[in-house]
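Hi,

Here is the structure I promised to pass on. Have a look at it first, and then read my notes below.

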Amino acid sequence: MDTQHTNLMLVDLLNEWDPFKIGDGNYDTEIADTLQSVQDLDEANKLARRIQSIYEFSFEEIIPLQECSKIAEQLLIIKNNRSCTF
């Protein structure tokens, strides 16, 4: 799977996630920051904490770490080109 296709899958997953229930397309900055983090990190717990801080910085609201961990694991599965059903 090429990088562009992988990134599109990551973006789709993050758009579907919608942790604050404000609708698709309202997280462009956070998604861009999260994509960079997915490239930089390989450990789900570190990625989950980074995702939590990215969204907290933007929305001044904390997403429970358990939710961030679930999305981090899914993102890393996509990054590592493994198949998974959501």
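A quick bit of vocabulary before the notes: I call a residue buried when its relative accessible area is under 20%, and exposed when that area is over 50%. Also, please keep in mind that this is a predicted model. The chain averages a pLDDT of 92, and 93% of the residues score at least 70. Among the elements of the chain, helix 3 has the highest mean pLDDT (98) and helix 1 the lowest (94).

Let me start with helix 3. This helix covers residues 44–59, 16 residues in total, and reaches 22 Å from its first C-alpha to its last, close to the expected 22 Å. Its buried residues are Leu-47, Ala-48, Ile-51, Gln-52, Ile-54 and Tyr-55. Looking down the axis of helix 3, you'd find those buried residues within an arc of 165 degrees, so they line one face of the helix. The face turned away from that buried side carries the exposed residues Arg-49 and Phe-57. As for what the buried residues of helix 3 pack against, the partners are helix 1 (3–17), helix 2 (28–40) and helix 4 (65–79). Just after helix 3, Glu-60 takes a positive phi of about 55 degrees.

Helix 2 can be read in a similar way. Its 13 residues should span 18 Å, and the end C-alpha atoms are 19 Å apart, which agrees. Glu-30, Ile-31, Thr-34, Leu-35, Ser-37 and Val-38 are the buried residues here. Down the axis of helix 2, they fall within an arc of 165 degrees, so they line one face of this helix. Asp-28 and Thr-29 are exposed on the other side of helix 2. The cover over its buried residues includes helix 1, helix 3 and helix 4.

Now for the aromatics. How many aromatic pairs does the count come to? It comes to five, taking rings as paired if their centres lie within 6.5 Å. One of them is Trp-17 with Tyr-55, an edge-to-face pair at 5.3 Å centre to centre, with 75 degrees between the planes. Trp-17 lies in helix 1 and Tyr-55 in helix 3, so this pair ties together parts that are 38 residues apart in sequence. Trp-17 counts as buried at 15% relative accessibility, and Tyr-55 is buried with a relative accessible area of 0%.

Tyr-55 also pairs with Tyr-27: the ring centres are 5.8 Å apart and the planes sit at 50 degrees, so that pair is tilted. It links distant parts of the chain, with Tyr-27 in the loop between helix 1 and helix 2 and Tyr-55 in helix 3, 28 residues apart. Tyr-27 is buried too, with a relative accessible area of 0%. Ring pairs link Trp-17, Phe-20, Tyr-27, Tyr-55 and Phe-59 into a cluster.

Finally, the core. The largest nonpolar core has 22 residues, and those touching the most other members are Leu-14, Trp-17, Leu-47, Ile-51, Tyr-55, Ile-71 and Leu-75. Helix 1, helix 2, helix 3 and helix 4 are the elements that give two or more residues to this core, and helix 4 gives the most, with six. If you want one residue to click on, try Leu-75: leaving aside neighbours within four places in sequence, it is in contact with Leu-10, Leu-13, Leu-14, Thr-34, Val-38, Leu-47 and Ile-51.

Cheers

Definitions and conventions: Residues are numbered from 1 along each chain as its sequence is written. This is a predicted model: local features need pLDDT of at least 70, side-chain atom pairs count only at pLDDT 80 or more; totals for chains, interfaces and linings use all residues. Side-chain values use heavy atoms; hydrogens and water are left out. Helices (H or I, at least four residues) and strands (E, at least two) are DSSP runs, numbered from the N terminus. The expected span of a helix is 1.5 Å times one less than its number of residues. Buried means under 20% relative accessible area, exposed over 50%, partly exposed in between (1.4 Å probe, protein chains only). The arc is that of the directions from the helix axis to the C-beta atoms. Contact means heavy atoms within 4.5 Å. Rings of Phe, Tyr and Trp (its six-membered ring) pair if their centres lie within 6.5 Å; planes under 30 degrees apart count as stacked, over 60 as edge-to-face and the rest as tilted. A nonpolar core is a set of buried Ala, Val, Leu, Ile, Met, Phe, Trp, Tyr and Cys residues joined through side-chain atoms within 4.5 Å. pLDDT is the predictor's confidence in each residue, from 0 to 100.
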